[in-house]
Amino acid sequence: MQFGRSYEEFEVGATYKHWPGKTVTEYDDHLFCLLTMNHHPLHLDVHYAEETTQFGKNVVVGNYVYSILLGMSVPDISGKAIANLEIESLRHVAPTFHGDTLYGETTVLDKWESTSKDDRGVVHVETIGYNQDGKVVCIFRRKVMVPKENYLTARGGEQPGRPVPQPDKNWSGPAGA
């Protein structure tokens with residue numbers, strides 16, 4: 001299974017549909033809020049949300065929605081990244097609620113070779129996140145520095161740093177060896 005892409009594998013205009021989706025639970029949202037010290041009652045207090053907001057229920061904290069979508073995109077976009085350079089824009093265009101399932105897809109807007117190092121390039125992408133009804137809830141654009149094939153080859157190929165299992169008293173080695 002592919003994990004990320006080299007610079008040469010990106011094509012401007014290509015869209016990668018990330019799979020699987022993620023159903024957001026109340027527990028997920030509350031844990032994320034508490035871990036990040038966002039104690040706004042819109043996210044944590046059902047009574048507050050029911051009585052005082054236009055939605056009448058808790059709204060999932062936006063940074064969690066963004067984080068889910070960013071994570072979904074890693075196997076397709078930044079799994080081989082050298083660096084995430086910039087989040088150019090981030091828009092929450094509709095609310096996400098407990099029980100919604102998020103899906104995402106990323107389109108390659110542009111790409112260019114590094115001017116300082118010949119073994120890498122930059123990919124400019126836009127990710128959209130939408131719920132089970134197809135309603136877009138979040139849109140963000142980012143720039144990612146990715147390696148060229150020669151960078152990967154020089155560092156061990158597709159899975160650099162992966163150790164080789166060593167035979168010992170618990171495992172005698174590959175069958176038939």
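What follows is a short working chat about a predicted model.

Me: What kind of model is this, and what limits apply?
Reply: The model is predicted: local features need pLDDT of at least 70, side-chain atom pairs count only at pLDDT 80 or more, and totals for chains, interfaces and linings use all residues. Residues are numbered from 1 along each chain as its sequence is written, and side-chain values use heavy atoms, with hydrogens and water left out.

Me: Where does aspartate 29 lie?
Reply: In helix 1, residues 26-35. Helices (H or I, at least four residues) and strands (E, at least two) are DSSP runs, numbered from the N terminus.

Me: Which side chain of opposite charge is nearest to aspartate 29?
Reply: Lysine 22, 11 Å away; aspartate 29 is buried and has no salt bridge. Buried means under 20% relative accessible area, exposed over 50%, partly exposed in between (1.4 Å probe, protein chains only). A salt bridge is a side-chain nitrogen of Lys or Arg within 4 Å of a carboxyl oxygen of Asp or Glu. Lys and Arg count as positive, Asp and Glu as negative; His and the chain ends are not counted.

Me: What does aspartate 29 touch?
Reply: Beyond residues up to four places away in sequence, His43, Val59, Val60, Val61, Tyr64 and His98. Contact means heavy atoms within 4.5 Å.

Me: Switching to leucine 44: why does it count as partly exposed?
Reply: Because its relative accessibility is 26%. Leucine 44 is in helix 2, residues 41-44.

Me: And how many helices and strands are in the chain?
Reply: Five helices and five strands, running β-α-α-α-α-β-β-β-β-α from the N terminus.
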